Amino acid sequence: MKSAVNFLIVLIFSMSTLNAANAVKNDTASIAIDGMEISDFIKLVARISNKNIFITEDISGKISYAGNRPIRREELFALLQTTLEARAMTMLDSGAGYYTIVKNVDAAAMNVPFYAKSDIPQLQTEIIKFKYAAAEPMAVKVKNFSSRNGKIVPSKESNSLIVTDLPANIKTMRQVVKELDIRDETTANYTHLVQLKNADAKNLVTTLNTVIAKMTLSPGQQAPSIASDDTTNSLIIISSDDLFATLLPTIQGLDGDRQQVYVKAKIIEISENKAQEVGLKYGLSGGSIGSSGIFSFNSALGDGKTGAINLDPLVLGAMTIPSLSSGIALGASISLLNTNGAADILSEPSILCINNQESSIYVGKTESISSGTTLTGTGLTQSSYTRQDIGLSLKIKPRLSNDNKVLLAVETKLEDIDNTTTNLQLPSTNKREVKTSAIVNNGESVIIGGLIKDKFDRSTTKVPLLGDIPLIGNLFKDNAKSHDKINLVIILTPYILDKSTDLATLRKQLEDLDKIQQRYIDDVVKHVTSKH
């Protein structure tokens, strides 16, 4: 039966009573509404829930609801909120024992609760944080799931969204964010740390930047940014996961184990005149230290004709150093010249080089050389000096090939004072320089020569007593001039260190080689002297 307000409402409670006051004790209700005034519906909800509702604005209009199944009490509040939202209004829990119905535009200014827990689905503020996605573009994507008067504020600093909305809308936004907040391996940039084991991080950055400059990027991708940390020898790479995966094999390849080369050097000065005398003395060919020089001595001692270099097969089997016979023959040649005063071994430095990386040796000293004199205001002369390096510098850059050979790039420079300078106050200096490359086998020696200087000597011999008599003493004197060429020879012998080879093991083998060499040079001297 219709009343004057033209509504029909049927309440069927779980306890089978039509007393609205008893509705508070029950969980569900069946409701059917046809043309009810909104203000009356608010009163009905207040009566059923036994709650106080304060209406601040006049709300006009009617509603109808076709209820085919019972609804829970909290769903009744949701139905009221939906009714109010259609009229740009909402209901808030005042916290003072009653609910307040206000306009949506005023709701945010009424201290909307933060992460609210209330009996009614009211506006509340929550923060949605992102792990991978950026807050600003995500705010645009989830805006479609907010209510008409919901607010979404992106926070770039915390990479999060500050959302004020109804719980149902916030729940939907959280579900959307969960699906969208994933690691974008193609375009999103992340920080990757790579700690290097062998390569130098600072140098590797330069190489990788050259590679990056030639990379083809997909739409939306940004070129990787690379920095080095010298303290930990690490690379800091900011890039997408896809680009990092592309760079990683290159980094690992460049950071692989690097082989080393142990270079043993001998720096020797050989007198051409005295070398010829040694050749004549022992009947060896090639006594001249000219274009072939020390090679001839080496061949003469190592050709087997002297009978000196006949290595015990057991000795050869115990040594892993290649080219033993030629190496011992070369050492014998140098020892023979040194023993007879034809060679002066200036230095025997050794240097451990990394493959394809330059290393250097300097043997010498820094001297003060007069650069001139000046006249002071008091009439005194004052000398000025410059400091100049006098000695031998040797730069070696080895590069290994696949067939157990070593390419040696060698640069050597020798500077010394010219003893023939007439003005001793302003001496001249000599500079001899050689740049060359040679490919040698592991354990094979390469000889660098051609750094020649002239040596002039004057000597006087006289008859004792008679040669000291004034005037006629010259008849008992003999003045002689000699001219000699001093050849600076550098002998380099590279030894490849495999990954499994210990440097101490190599040095022990070289010590054994020196002992064998000394034993055979003694045999050489005995052998060649026994013929004369």
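In which helix does Thr 83 lie? Thr 83 belongs to helix 2, which covers residues 73–85, where helices (H or I, at least four residues) and strands (E, at least two) are DSSP runs numbered from the N terminus. The model is a predicted one, in which local features need pLDDT of at least 70 and side-chain atom pairs count only at pLDDT 80 or more, while totals for chains, interfaces and linings use all residues. Residues are numbered from 1 along each chain as its sequence is written, and side-chain values use heavy atoms, with hydrogens and water left out.

The chain contains 12 helices and 23 strands. Of its 532 residues, 38% count as buried, a term that denotes under 20% relative accessible area, as against over 50% for exposed and the range in between for partly exposed (1.4 Å probe, protein chains only). The accessible surface of the chain, obtained by the Shrake-Rupley method with a 1.4 Å probe, comes to about 30,500 Å², and carbon and sulfur atoms supply 51% of this surface. Among contacts (heavy atoms within 4.5 Å) with a separation of 6 or more, 65% are accounted for by residues 24 or more positions apart.

Helix 2 has 13 residues and reaches 19 Å from its first C-alpha to its last, close to the 18 Å expected at 1.5 Å a residue, the expected span being 1.5 Å times one less than the number of residues. Its buried residues are Leu 76, Phe 77, Leu 80, Gln 81, Thr 83 and Leu 84. Seen down the axis of helix 2, these buried residues fall within an arc of 160 degrees, so they line one face of the helix; the arc is that of the directions from the helix axis to the C-beta atoms. The elements against which these residues pack include helix 1 (38–49), strand 5 (62–65) and strand 7 (89–93).

Within this helix, Thr 83 has a relative accessible area of 10% and is therefore buried. A polar atom of its side chain lies 2.9 Å from the backbone oxygen of Leu 79. When neighbours within four places in sequence are left aside, Thr 83 is in contact with Ile 38, Phe 41 and Ile 63.

A second buried position, Leu 123, has a relative accessible area of 8% and is placed in the loop between helix 3 (104–107) and strand 9 (124–129). Beyond its neighbours within four places in sequence, Leu 123 is in contact with residues including Thr 90, Leu 92, Asp 165 and Leu 166. Leu 123 and Ala 168, which are 45 residues apart in sequence, are 9.8 Å apart in space, C-alpha to C-alpha.

Conventions. A polar contact is a pair of N or O atoms within 3.5 Å; within protein, one must be able to donate a hydrogen and the other to accept it, and residues adjacent in sequence count only if both atoms are side-chain atoms.
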